[in-house]
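Reader: I would like a close look at a single part of this model, the sheet. Please go through how the strands are joined and what packs around them.

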Amino acid sequence: FTHISNSDMIKNKLNRPDFEGIVDMLRLQQGCKITIFARENKPGEWKGSIRSTQSIPILSLAHRLNGGGHKNAAGFTYIGQLQDVILLVNEFLSLND
């Protein structure tokens with residue numbers, strides 16, 4: 001799981017295209033079963049991508065985060081705080097350990 005806040009994006013003059021493919025690059029790490037990248041589009045709005053290996057379906061996690069997609073590739077737009085996103089991810093991981 002990695003993320004970037006809206007304030008860091010502004011401070012570093014980054015735009016949405018700068019993050020294309022990051023979640024797929026993270027997935028290349030050996031032993032990685034789930035990768036999540038979230039960026040804060042505007043304060044309190046988190047847009048994210050989730051990828052997983054075949055053995056871990058992540059669609060239910062995407063639904064918890066107000067998103068959708070496929071069994072092993074999904075996305076979300078969550079309105080709230082980063083801590084809430086992390087809590088929901090940790091709950092999902094504890095149920096799928």
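Author: Three bridges join β4 to β5, and the two strands run antiparallel. Within this pairing, G67 stands opposite F76 of β5. The two strands make a hairpin, with three residues between them. The model is a predicted one, and β5 is the part of the chain where confidence is highest, at a mean pLDDT of 97.

From this hairpin the rest of the sheet can be laid out. Five strands form an open sheet in the order β1-β2-β3-β5-β4, with mixed pairing. Its edges are β1 (2-4) and β4 (67-69), each of which pairs on one side only. On average, neighbouring strands of the sheet are turned by 15° against each other, direction ignored.

On its other side, β5 meets β3 (45-52). Seven bridges join β3 to β5, again in the antiparallel sense. Here I50 stands opposite A74 of β5.

β3 in turn pairs with β2 (residues 34-42). These two strands run antiparallel and are joined by eight bridges. A38 stands opposite G48 of β3. β2 and β3 also form a hairpin, with two residues between them. G44, in the turn, has a positive phi of about 85°.

The pairing of β2 with β1 is parallel and rests on three bridges. T2 stands opposite F37 in β2, and the bridge partner of H3 in β2 is A38. A38 therefore appears in two pairings, facing G48 in β3 and H3 in β1.

Next, the faces of the strands. In a regular strand the side chains alternate between the two faces of the sheet. In β5 the covered face has A74, F76 and Y78. The uncovered face of β5 has A73, G75, T77 and I79. β2 is mostly covered, since seven of its nine residues are under 20% relative accessible area and count as buried.

One of the elements packed on the sheet is helix α4 (residues 82-95), which lies across β1, β2, β3 and β5 (73-79). The helix runs at about 140° to β5.

The largest nonpolar core has 18 residues. I50, L65 and F76 have the most contacts inside it. The elements that give two or more residues to this core are β2, β3, α3 (59-64), β5 and α4. Of these, α4 supplies the largest share, five residues. I50 shows how this core is joined up: leaving out residues up to four places away in sequence, I50 touches I34, T35, I36, I58, L61, A62, L65, N72, A73, A74 and F76. That list includes L65 and F76, which are named with I50 for having the most contacts inside the core. A second, separate core has five residues, among them I4, M9, F19 and F37.

Two residues deserve a closer look. R51 is found in strand β3. What is its exposure, buried or exposed? R51 is buried, because its relative accessible area is 18% and the cut-off for buried is under 20%. A polar atom of the R51 side chain lies 3.2 Å from the backbone oxygen of A74. Apart from neighbours within four places in sequence, R51 is in contact with V23, D24, R27, K33, I34, T35, N72, A73 and A74. V23, D24 and R27 fall in helix α2 (residues 22-27), where confidence is lowest in the chain, at a mean of 84.

F1 sits in the segment before β1. With a relative accessible area of 43%, F1 is partly exposed, because that value lies between the 20% and 50% limits. F1 and T35 are 34 residues apart in sequence, while their C-alpha atoms are 5.8 Å apart in space. Leaving aside neighbours within four places in sequence, F1 is in contact with I36, A38, L82, V85, I86 and V89. I36 and A38 belong to β2, and L82, V85, I86 and V89 belong to α4.

As for the confidence of the chain as a whole, its mean pLDDT is 92, and 99% of its residues reach 70 or more.

Conventions
Residues numbered from 1 in each chain as written. Predicted model: local features only at pLDDT ≥ 70, side-chain atom pairs only at ≥ 80, totals over all residues. Heavy atoms only, no water. Helix = DSSP H or I, 4+ residues; strand = E, 2+ residues; numbered from the N terminus. Axes fitted to C-alpha atoms, helices over the stretch in contact; angles between N-to-C directions. Contact = heavy atoms within 4.5 Å. Buried < 20%, exposed > 50% of the residue type's maximum accessible area, 1.4 Å probe, protein only. Polar contact = N/O pair within 3.5 Å; in protein donor to acceptor, adjacent residues only side chain to side chain. pLDDT = per-residue confidence, 0-100. Core = buried A, V, L, I, M, F, W, Y, C linked by side-chain atoms within 4.5 Å.
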